[in-house]
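User: I've got a model open and I'd like to know what stands behind the labels people put on it. Can you take me through them?

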Amino acid sequence: MTELRNPVSAAPSRGAGAGLWLSKAANLIFSVLLTFVGLLVVTFLIGRVIPIDPVLAVVGDRALPDVYARVRQELALDEPLYYQFWLYVTKALHGDFGKSVITSRPVIEDILRYFPATIELATLATLLGVMIGVPAGVVAAKNQGRWPDQLVRLLGLIGYSVPVFWLGLVGLFVFYSKLGWVSGTGRLDVYYEDIVDPVTGMMLIDAALAREWDIFFNAISHLALPVSILGYYSLAYISRMTRSFMIEQLGQEYVTAARVKGLSELRVVWRHALGNAMLPLVTVIALSYASLLEGAVLTETVFAWPGLGRYITDSLFNADMNPVLGGTFVVGLAFIGLNLLSDVLYRVLDPRSR
Amino acid sequence: MSTAGATQPGLRAWLLASAPRSRWQARCGNAYLAWLKLSANPLAMAGLAIIVALLLVVIFAPLLAPGTPYGQNLLHRLEPPSAENWFGTDQLGRDIYTRVVHGAQLTLMIVVLVAILAAPTGLLIGTVAGYSGGIVDTVLMRITDVFLAFPRLVLALAFAAALGPGIENAVIAIALTSWPPYARVARAETLALRSSDFIAAARLQGASPARIVLRHIVPLCLSSVIIRVTLDMAGIILTAAGLGFLGLGAQPPLPEWGAMVAAGRDFILDNWWVATIPGIAIFIVSLGFNLLGDGLRDVLDPKQR
């Protein structure tokens with residue numbers, strides 16, 4: 001019976017367990033480090049090829065020549081490229097991405113201030129995507145080729161095809177302007193702003209901590225539309241992947257065995273098959289979360305959402321490059337972190353991969 | 001010989017022959033079988049119809065919309081759709097229908113250029129990595145991984161910022177971020193081919209590695225890369241439109257759909273058509289590519305669904 005529960009018959013040999021695991025872990029760490037260095041190289045190089053004089057960005061175009069020269073020296077722009085890169089790396093490792101010209105605060109402070117708003121959006125959207133996407137995918141796999149399947153497929157294809165910024169605008173037009181079901185742009189109505197202490201930076205949690213329930217519900221009505229829109233993208237991806245994993249699992253022999261044993265269909269599908277399909281799904285969910293972090297760039301622009309994406313684009317248009325590169329670096333770091341997390345989770349959850 | 005078989009149209013019989021006489025005939029037969037499968041899928045055919053329609057619009061744009069997409073008429077600003085202006089007019093009194101029709105050329109151009117830049121790059125890097133193995137493989141694949149690990153839109157944003165806004169730079173930025181998946185696909189195919197007998201035979205005949213990769217391996221990897229590119233087309237269109245929307249892609253007054261949505265943003269609450277109609281155009285075209293790509297994958301790669 002225990003063998004039947006094991007979906008894949010090829011079990012790994014027990015003997016080489018610990019050593020193999022160690023070398024795998026070392027491999028993983030090595031590749032993560034390499035990606036990290038690559039991230040540094042790319043952001044550094046982008047910073048060098050930009051047709052914006054970093055000195056002028058600091059001193060302004062009416063600075064005296066000696067001020068210009070001093071700042072140029074402070075920024076180490078006359079040093080060889082490898083030395084500049086070394087400086088960049090040591091600074092980045094200390095969380096120093098320079099100062100933002102526009103906000104005149106260190107970039108890292110700005111990022112810490114704006115990132116929670118993006119995380120709040122992406123987390124709620126992913127939750128929505130998982131809660132609807134997984135059951136939808138299971139139902140589609142169960143009814144392969146029939147109308148529920150076609151419906152899920154079509155909804156997914158539409159999700160892959162709709163421009164997110166357009167959906168945001170139309171959503172605002174319909175649900176805010178015409179129907180008045182949700183609040184407009186921004187995180188809160190103007191008169192609620194700056195009342196709650198930013199403890200976590202996530203409006204829902206902060207408002208709940210401060211027991212300001214009016215603000216809490218106002219935050220929800222502002223979140224509803226952007227979260228639904230981002231959540232739809234997450235749903236499109238997750239339901240499609242769930243469907244394909246479930247089809248694979250439902251064709252396995254252990255499912256037949258469970259049915260022969262007389263288990264109810266509900267139990268076979270939702271417990272046995274979905275249990276195994278959840279393993280690869282963890283990776284999918286992590287990836288979808290990561291892509292929402294970047295998909296937020298366009299959504300935040302439409303909804304005037306004070307998150308990291310809007311911080312990056314706003315700085316970009318003011319030729320303020322430190323925030324752009326720092327922000328790109330942080331989003332890239334989040335990507336690497338989520339990939340690593342999904343890898344580790346997969347290994348922990350799936351005994352076969354140990 | 002049965003008379004029914006004899007009266008069948010010659011072409012069909014030739015295509016479905018169980019014993020093809022030439023390699024050409026066999027290839028055509030396979031293509032015909034794939035087409036039969038594809039044409040049985042209504043969604044894929046709808047996608048194909050959309051893309052054919054896009055091509056027709058691009059070719060016949062001057063006939064479909066004889067006016068110029070830049071003609072301003074400040075007396076007729078922001079007029080709703082009417083018999084005169086089918087899709088209404090924008091903030092400068094330009095006819096939105098004309099602009100959408102001419103914008104199709106830009107969209108097609110972006111997609112084609114990105115495909116031309118990114119697909120060969122990915123194909124070459126993947127095949128060289130897969131065929132060489134060892135240190136070359138490791139280095140190339142690590143570089144690929146770095147680019148894959150990057151958030152695509154943010155990277156394209158940073159590239160577009162570094163290169164300066166404009167449609168050419170948007171194309172380069174998108175191409176720079178879209179080759180890694182093609183390299184992965186090509187490498188996987190190459191690894192499967194590398195140790196096969198015909199490659200060994202070519203090597204024994206003294207073919208250089210460059211010749212083996214270019215003449216023997218690349219042609220065989222081509223089909224899977226092409227499927228991948230078709231599937232990516234919608235993503236490319238959406239990224240380009242997103243860059244245009246942010247103001248980093250095509251610059252005004254070019255009738256690029258994403259930039260048109262951005263222009264209509266300020267009027268969305270009172271003049272919905274300005275932003276809505278170009279957005280629908282983006283949606284329909286990317287839906288077309290998605291539907292076709294989905295169908296193609298079902299036909300050509302039944303394993304992965």
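Analyst: Sure, here is how the labels follow from their definitions. This is a predicted model, where local features need pLDDT of at least 70, side-chain atom pairs count only at pLDDT 80 or more, and totals for chains, interfaces and linings use all residues. Residues are numbered from 1 along each chain as its sequence is written, while chains are lettered from A and ligands numbered from 1 in the order in which they are written.

User: What makes residues 1-15 of chain A a stretch to treat with care?

Analyst: pLDDT is the predictor's confidence in each residue, from 0 to 100. Chain A has a mean of 83, with 93% of its residues at 70 or more, but over residues 1-15 of chain A the value is below 50. Helix 1 (residues 2-5) of chain A has the lowest confidence in that chain, at a mean of 35. Where pLDDT is low, the predicted coordinates should not be read in detail.

User: How do you know which residues make up the side of chain B that touches chain A?

Analyst: Two residues are in contact if their C-beta atoms, placed from the backbone, lie within 7 Å. By that test, 37 residues of chain B are in contact with 40 of chain A. Helix 14 of chain B gives the largest share of chain B's side, eleven residues.

User: Why is helix 10 of chain B called a helix, and what span is expected for it?

Analyst: Helices are DSSP runs (H or I, at least four residues), numbered from the N terminus. Helix 10 of chain B has 15 residues, so it passes that minimum. The expected span is 1.5 Å times one less than the number of residues; here that is 21 Å, and the helix reaches 20 Å from its first C-alpha to its last.

User: Which of its residues are buried?

Analyst: Buried means 20 or more other C-beta atoms within 10 Å of the residue's own, with C-beta atoms placed from the backbone. In helix 10 of chain B the buried residues include B:Tyr182, B:Arg184, B:Arg187 and B:Glu189. Among what covers them are helix 6 (96-132), helix 7 and helix 12 of chain B.

User: What makes a nonpolar core, and which residues touch the most other members?

Analyst: A nonpolar core is a set of buried Ala, Val, Leu, Ile, Met, Phe, Trp, Tyr and Cys residues joined through C-beta atoms within 7 Å. In the largest one, with 166 residues, B:Leu157 and B:Ile237 touch the most other members. Not counting residues up to four places away in sequence, B:Leu157 touches A:Val297, A:Ile312, A:Leu316 and B:Leu248.

Notes: Helix = DSSP H or I, 4+ residues; strand = E, 2+ residues; numbered from the N terminus. Buried ≥ 20, exposed ≤ 12 C-beta atoms within 10 Å, placed from the backbone.
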